[in-house]
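Here's a walk through one protein model, taken a helix or a residue at a time. Keep the 3D view open and click along as you read.

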Amino acid sequence: MHTLSSYFWAGSVTGGMAIFFGGESLATPVIPASDTPLNALLAFGKGIERDSLFAGWLNALNNQFSDSVLAHYIDFSMLGWLLFIMTLLIYIVSKDQWLRLRHELQHFALFDALTNLPNRNLFEDRIQQAIKSTRRREGKFALIMADLDRFKQINDTLGHHAGDDLLKQLSMRLRNTVRGADTVSRLGGDEFAFIIHDVEDYDGVVRVTDRITHVTDDPVTIEGLPFTVGISMGIVVYPDHGEDVETLLRRADIALYRSKDKRSGYTFYSEDADEYNRKNIELQNDLRQAIKQGTLEVYYQPKVDCGTHQIKGLEALARWIHPEQGMLSPAIFIPLAKKNGLIKDLTMLMLQKSIQQISEFYHQGIEVALSVNITEENLEDVHFPDEVDLLLKRYHFPARCLELEITEDVIIDNIQNATLVTDKLHNLGIKISIDDFGTGNSSISYLKKLPIHTLKIDLSFIREMNRSPDDAAIVKTTILLSKSLGLSVVAEGVEDELTLQKLHDWGCDLAQGFYVCKPIPNDALVEWFKSGGWTPQHREDMKLPQPENGQTPESSAPLRIVNPHKNKG
Ligand SMILES: [Mg+2]
């Protein structure tokens, strides 16, 4: 404020003087005639910057008064001198402030406000300088692009202030990992970059990356709590991997992407990585198109009652039949969708398609619960319950038939948002199911806080329960826990008769897995339901589609579910 008011006064006085003296002879050598305070302010600033205002005025006073101006000067000499002295004083005070302001503005344009590290502009300029000087010496330098792992979780759970705090603390540690002549920069978000000068060999660069990695060994304390993050790095070496700023930055980015994907800590750029990246970008675009055009398909995996073997539910699972590569595993395209911000659209597409398809059965009198998997992006979106509600209304599908599956780790990581969104969903009559239960590695107190209807015991316990007494104990205890909390319990990964029988004996409600049925397309479901197979009375052969490519082979024959009407005829 002080600075601004000084400039205002300085400008006004200068403007006043410029107008007073006719705005010509006195002002012309140094500043243009100023008819508004704003012009006067600009002119004054310009004059100070050129460091010539004072000299100009003295010059003007001594030599360059025209007759007319001199006449004014004589008439109003007292006022003129007063204004001149005031301006002179303000100038002396303001010049310092002006220079400081200019310095601050320059700093602001080149340094990151949060960490005070060089920003992207300055970093690119420094790469340019490094290229010039390294080329002269015929040496090498390394450019390291780094990105924090698990930063988003801290930002999401504790808020942006906590995230900023972490970035500040880490940036100080990072600054100390390199020599004074090297550069550490924050490019934005949780992305940092380094220029390491005079690199002799790649081992030397690896030693630097080791030091950078160790920066995250000690937890960062935020709001009194310790947090650990990881760091991934992509490395390029000038001139081996590129000779201009753009190529070096692009390739370091590719190497970083690869490093994050492989969870390798650091990766040097290679053409393989580039090719991998190119294919990934193509696949990303194909996926974007497939979601936009709605060509992803929904397969359904039935859940049956452990005792009666009646179908009680269907889990909707996304399947992508790529035009060139055929059926692609969800293990490939779900992470790709998550990484590229497509997961929300993918989930909405699955919800829309499955509600539309299963509501057709519902309107024919076949009531079966539909489960759809949702992600943390949905839990963070307060509008998500309304969007689901709209779909239910559009297809006249009852909310009680819809169950949304959320994995345990997502619930735990997003407990605050989870409470808000799950409450809204619960109020609409939609059921919430905890997927992969038992893998969250955390307190289960959230079961009391959230309106949960179902627990799905993770398949890792079910698959091992016949061999491992520990896994059997976990399964039994989880069933007991569910029962005492009044929750429904589903066992995933049921692959043989013995497991199904034991689960039934222990009181498990529903079973899902290859022994029951693998995921099947909607057409097969139509056939199944048409033949009345949705209420099986007993087991008998029934035609099911062939196993999908890339699926785990079934450990035994699937449970056959029958058409009771067929048997009669
Ligand atoms: Mg699931």
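Let's start on the outside of a helix. The side of H6 that points away from its buried face carries exposed residues: Asn121, Gln128, Gln129, Lys132, Ser133, Arg135 and Arg136. Bear in mind that what you're looking at is a predicted model.

**Helix H6, both sides**

H6 covers residues 120-137, which makes 18 residues. From its first C-alpha to its last, H6 reaches 25 Å, close to the 26 Å expected at 1.5 Å a residue. Now turn to the buried side, where you'll find Phe123, Ile127 and Ala130. Looking down the axis of H6, the buried residues fall within an arc of 65°, so they line one face of the helix. What do the buried residues of H6 pack against? Their partners are strand E1 (141-149), strand E2 (183-188), strand E3 (191-196) and H10. After H6 comes Glu138, with a positive phi near 55°.

**Where H10 meets H11**

H10 has another packing partner to look at. In general, a pair of packed helices is described by the angle between their axes and the distance between those axes. For H10 (residues 245-262) and H11 (residues 271-293), the angle is about 75° and the axes are 9 Å apart. An angle from 65 to 115 degrees counts as roughly perpendicular, so that's the label for H10 and H11. On the H10 side, the contact is made by Ile254, Ala255, Tyr257 and Arg258. H11 brings Ala273, Asp274, Tyr276 and Asn277. Sort the residues of this contact by type and you get five nonpolar, one polar and two charged.

**More on helix H11**

How far apart should the ends of H11 be? With 23 residues at 1.5 Å a residue, H11 should span 33 Å, and its end C-alpha atoms are indeed 33 Å apart, so the two values agree. Ala273, which you just met in the contact with H10, is buried, and so are Leu287, Ala290 and Ile291 of H11. The cover over the buried residues of H11 includes H10, strand E7 (266-268), strand E9 (311-322), helix H12 (330-339) and helix H13 (343-363). Just after H11 sits Gly294, with a positive phi of about 70°.

**Helix H15 and the loop before it**

H13 turns up again at H15 (384-394), where the cover over the buried residues includes H13, H14 and helix H17 (415-428). The buried residues of H15 include Phe384, Pro385 and Val388. These cover an arc of only 100° around the axis, which puts them on the same side of H15. Go round to the other side of H15 and you'll see Asp386, Leu390, Lys393 and Arg394, which are exposed. H15 is followed by His396, whose phi is positive, near 50°.

Now step back to Val382, in the loop between H14 (376-379) and H15. Is Val382 buried or exposed? It has 11 C-beta neighbours inside 10 Å, so Val382 counts as exposed; the cut-off for that is 12 or fewer. Setting aside neighbours within four places in sequence, Val382 is in contact with Leu420 and Val421.

**Two more residues, and some pairs**

Ser433 is in strand E13 (residues 431-437). It counts as buried because it has 23 C-beta neighbours inside 10 Å, and the cut-off for buried is 20 or more. Beyond its neighbours within four places in sequence, Ser433 is in contact with Ser371, Glu403, Leu404, Glu405, His453, Thr454 and Lys456.

Asp409 belongs to helix H16 (residues 408-413). With 15 other C-beta atoms within 10 Å, Asp409 is partly exposed.

Here is a residue paired with each of Val382, Asp409 and Ser433:

| Pair | Apart in sequence | C-alpha to C-alpha |
|---|---|---|
| Val382 and Leu420 | 38 residues | 7.6 Å |
| Asp409 and Glu376 | 33 residues | 9.5 Å |
| Ser433 and Glu408 | 25 residues | 9.4 Å |

**Zooming out**

Finally, take in the whole chain. The protein chain has 23 helices and 17 strands. Of its 569 residues, 36% count as buried. Among the contacts with a separation of 6 or more in the protein chain, 65% come from residues 24 or more positions apart.

Methods
Residues are numbered from 1 along each chain as its sequence is written. This is a predicted model: local features need pLDDT of at least 70, side-chain atom pairs count only at pLDDT 80 or more; totals for chains, interfaces and linings use all residues. Axes are lines fitted to C-alpha atoms, for helices over the stretch in contact, and angles run from 0 to 180 degrees between N-to-C directions. Helices (H or I, at least four residues) and strands (E, at least two) are DSSP runs, numbered from the N terminus. Angles under 35 degrees count as roughly parallel, over 145 as roughly antiparallel, 65 to 115 as roughly perpendicular and the rest as oblique. Two residues are in contact if their C-beta atoms, placed from the backbone, lie within 7 Å. Ala, Val, Leu, Ile, Met, Phe, Trp, Tyr, Cys and Pro count as nonpolar, Asp, Glu, Lys and Arg as charged, and the others, Gly among them, as polar. The expected span of a helix is 1.5 Å times one less than its number of residues. The arc is that of the directions from the helix axis to the C-beta atoms.
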